[in-house]
Amino acid sequence: FIIFLYSIRFLLIYYAINKQKRPLTLACSILFLFYLATNPPLTFTGTEIEEQVFIADTHCMNVSAGPTQKMNLFQSVTSALDNTLAGDPTAVIFGEDVAFGGVFRCTVGLRDKYGKDRVFNTPLCEQGIVGFGIGAAAAGATAIAEIQFADYIYPAFDQIVNEAAKYRYRSGNMFDCGKLTIRAPWGCVGHGSIYHSQCPEAFFTHCPGIKIVVPRGPVQAKGLLLSCIADQNPCIFFEPKILYRAAVEQVPTEAYQIPLSQAEVLQEGSDLTLVAWGTQVHVLKEVAAMAQEKLGVSCELIDLRTILPWDTETVCKSVVKTGRLLISHEAPVTGGFAAEISSTVQEECFLNLEAPISRVCGYDTPFPHIFEPFYIPDKWKCFEAVKRMINY
């Protein structure tokens with residue numbers, strides 16, 4: 001339905017521009033934005049969507065003893081940004097379209113509440129967005145930059161890797177931009193195709209000086225985002241966009257933090273360790289249930305949460321116990337971060353391994369459109385890998 005609305009909107013705008021009817025152009029845009037603003041969030045709890053299951057997070061409900069409110073993931077991000085702007089007068093939020101709420105509504109209402117000097121739009125220039133953020137953070141502001149889609153973070157690659165990540169080191173700690181946080185919607189969404197589905201985290205894990213975080217749900221998203229904002233190192237916070245409206249949890253309304261670089265064991269097991277982050281955690285949770293029910297295999301499930309620096313201790317401790325490791329992510333398998341985890345575990349836990357480490361990831365192709373269901377590492381691919389490892 002959204003795609004249909006987009007098509008009608010652009011056709012009307014094209015007609016209006018060619019006929020020089022600017023009021024019609026404005027009216028079409030206002031009607032479409034009104035629909036986005038009033039469209040109620042979809043709620044899925046334990047419902048299968050395109051072979052992936054999204055469930056409420058029950059592992060971190062004790063993060064705050066204060067009042068809670070039902071939120072989906074994009075609302076929890078909004079709440080985190082609201083807490084930051086309220087508590088830090090130097091905080092600013094900027095990016096493409098953030099002033100009216102952003103494509104995914106993550107900044108809705110913040111400009112009206114805090115003013116156009118603290119929540120403002122930028123030109124369509126990712127290099128400029130991050131470059132401005134580096135300067136603002138170096139000058140002492142808490143800079144929160146939004147890249148509209150993670151797929152478009154590449155024009156800012158030089159600014160992130162050669163400037164933000166190295167700013168403190170090259171100045172001998174005289175200057176830094178540690179108060180910079182870069183947010184970006186990330187991962188497949190069912191119809192995003194080449195330029196709205198990518199998972200580029202591995203490109204940045206080769207770069208010391210930045211932190212990379214991916215949450216799995218609303219409670220985690222708020223706590224981890226606030227930790228990124230408070231951290232004194234530049235952070236990239238990737239938000240699984242398919243989860244923006246697909247999971248609802250009771251999220252504390254007050255500010256709280258979840259420690260970075262600490263993986264979380266979501267389910268203890270004895271036969272096999274499953275490691276993932278973001279959306280793929282929900283896939284592997286279902287795989288763990290299938291393995292127990294159909295094979296009698298006890299799986300230990302770990303959400304890595306922070307990709308860089310990652311929690312080697314928790315993962316290796318689990319593999320020592322289970323003797324088997326399966327890592328899954330949506331990004332292509334070659335050079336994906338699963339390779340780094342696999343290499344480290346092989347070095348640290350070689351004598352404990354009962355089977356070769358398995359990686360179930362995306363293929364080494366551009367992200368497809370109609371073939372997305374065949375591309376993504378769904379529960380069936382992961383379950384087959386579990387069977388191969390158990391039978392090795």
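A salt bridge here is a side-chain nitrogen of Lys or Arg within 4 Å of a carboxyl oxygen of Asp or Glu. The model is predicted, with local features needing pLDDT of at least 70, side-chain atom pairs counting only at pLDDT 80 or more, and totals for chains, interfaces and linings using all residues. Residues are numbered from 1 along each chain as its sequence is written, and side-chain values use heavy atoms, with hydrogens and water left out.

Q: How many salt bridges does the structure hold?
A: Take Arg 168 and Asp 176 as one example of a pair that forms a salt bridge. Glu 264 and Arg 216 give another, through their side chains. For the structure as a whole, the count of salt bridges is 12.

Q: How far apart are the closest N and O atoms in the salt bridge between Arg 168 and Asp 176?
A: Arg 168 is partly exposed (20% to 50% relative accessible area, with buried under 20% and exposed over 50%; 1.4 Å probe, protein chains only), its own value being 26%. Asp 176 is partly exposed too, with a relative accessible area of 24%. Between the two, the closest N and O atoms sit at 3.5 Å.

Q: How many residues apart in sequence are the parts that Glu 264 and Arg 216 tie together?
A: The side chains of Glu 264 and Arg 216 meet in a salt bridge, 3.0 Å from N to O. Glu 264 belongs to strand β11 (residues 264–267), while Arg 216 is in the loop between β8 (211–213) and α9 (218–230). Helices (H or I, at least four residues) and strands (E, at least two) are DSSP runs, numbered from the N terminus. Because the partners sit in those two elements, the parts they tie together are separated in sequence by 48 residues.

Q: Are Glu 264 and Arg 216 buried or exposed?
A: Remember that these two side chains pair up in a salt bridge. As for the solvent, Glu 264 and Arg 216 are both buried.

Q: Which residues are linked with Arg 216 in a network of salt bridges?
A: You've already met one partner, since the side chain of Arg 216 forms a salt bridge with that of Glu 264 at 3.0 Å. The network goes further than that pair, though, and links Arg 216 with Glu 264, Asp 303 and Arg 305.

Q: In which helix does the salt-bridge partner Lys 379 lie?
A: Lys 379 pairs with Glu 286, their side chains meeting at 2.9 Å, N to O. Glu 286 sits in helix α10 (residues 280–295) and its partner in another element, so the pair ties together parts that are 93 residues apart in sequence. Both Glu 286 and Lys 379 are buried. The helix that holds Lys 379, residues 379–390, is α14.

Q: How far apart in space, C-alpha to C-alpha, are Gln 69 and Val 248?
A: Gln 69 is part of strand β3 (residues 68–71). At a relative accessible area of 45%, Gln 69 is partly exposed. Along the sequence, 179 residues separate Gln 69 from Val 248. In space, their C-alpha atoms are apart by 9.9 Å.

Q: Which peptide bond is cis?
A: Most peptide bonds are trans. For the one in question, omega is near -10 degrees. Pro 309 falls in the loop between β14 (306–308) and α11 (312–322). The cis bond runs from Leu 308 to Pro 309.

Q: Is Arg 105, with its positive phi, buried or exposed?
A: Most residues other than glycine have a negative phi. In Arg 105, phi is near 70 degrees. Arg 105 lies in the loop between β4 (91–95) and α4 (110–114). Its relative accessible area is 7%, so Arg 105 counts as buried.

Q: Where is the place of Asn 173?
A: Asn 173 isn't a glycine, yet its phi is positive, at about 70 degrees. As for its place, Asn 173 is in the loop between α7 (167–170) and β7 (180–186).

Q: Does Phe 374 count as buried or exposed?
A: Phe 374 is placed in helix α13, which covers residues 372–375. Its relative accessibility comes to 57%, so Phe 374 counts as exposed.
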